[in-house]
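Trainee: Could we go through this structure together? I'd like to know what stands behind the words people use for it.

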Amino acid sequence: FGDAGLVALADAFAHGALPCLQMLNLGGNRIGNAGLTALASACASGALASLTLLGLMHSQIGDVGMASLSEACATGALGNLTNLYLNQNRIGNAGMEAFSTAVTSGALGSLQQLFLQRNLICNIGLMALADACASGALARMKKIGLSGNSIGCAGIEAFSSACPGIRIS
């Protein structure tokens, strides 16, 4: 499938295919930054406004792709999203900082579960998300997956203090 497949699928979404789609699981499809950028563009156009679950795990998404997704989120186009799976990618601190900026805008106020296991996130990236959480932007979030990153005690403590009701796994 890869980036070429997702670019084609995103084009179909942008042209009105499956406007009521609620769950999209693309995990394990070797999606990279180019594919996610195309999907993010379709999302920003409002083509996937009904999504409640987006699965992008087990791929090759890095900071560029995460920034594109974050920009789409910031438009409010994914306001119904409750579950976001980004585990086992290549997302680092820059991607998390972009995502945190989008979250702070209130654009993902329905998000309940965020899975970020096995990425390249360090304390800095998690602290950016903690700041977003402290602003009240993640009031509905119940669970975050962080294992397999390079996050130390300082990052976990900052997040736990800012988001005491969110279970960390």
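Mentor: Start with Tyr-85, whose bridge partner in strand 4 is Phe-115. Keep in mind that this is a predicted model.

Trainee: How do you know that strand 3 and strand 4 pair?

Mentor: Pairing takes at least two bridges. Strand 3 (residues 83-85) and strand 4 (residues 113-115) have three, in the parallel sense, so they pair.

Trainee: What makes strand 1 and strand 6 stand at the edges?

Mentor: The open sheet has six strands in the order 1-2-3-4-5-6. Strand 1 (23-25) and strand 6 (167-168) each have a single partner strand, so one side of each has no neighbour in the sheet.

Trainee: Why is helix 2 called roughly parallel to helix 3?

Mentor: Their angle is about 5°, and angles under 35 degrees count as roughly parallel, so the name fits.

Trainee: How do you know that Cys-133 and Cys-163 form a disulfide?

Mentor: The cut-off is 2.5 Å between sulfurs, and theirs are 2.1 Å apart, so the pair counts as a disulfide. Cys-133 lies in helix 5 and Cys-163 in the loop between helix 6 and strand 6, so the bond ties together parts 30 residues apart in sequence.

Trainee: And why is there no bond between Cys-43 and Cys-73?

Mentor: Their sulfurs are 7.5 Å apart, which is too far.

Trainee: What makes Cys-73 buried?

Mentor: Buried means under 20% relative accessible area. Cys-73 has 0%, so the word applies. Cys-43, with 1%, is buried as well.

Key
Residues are numbered from 1 along each chain as its sequence is written. This is a predicted model: local features need pLDDT of at least 70, side-chain atom pairs count only at pLDDT 80 or more; totals for chains, interfaces and linings use all residues. Side-chain values use heavy atoms; hydrogens and water are left out. Helices (H or I, at least four residues) and strands (E, at least two) are DSSP runs, numbered from the N terminus. Axes are lines fitted to C-alpha atoms, for helices over the stretch in contact, and angles run from 0 to 180 degrees between N-to-C directions. Buried means under 20% relative accessible area, exposed over 50%, partly exposed in between (1.4 Å probe, protein chains only).
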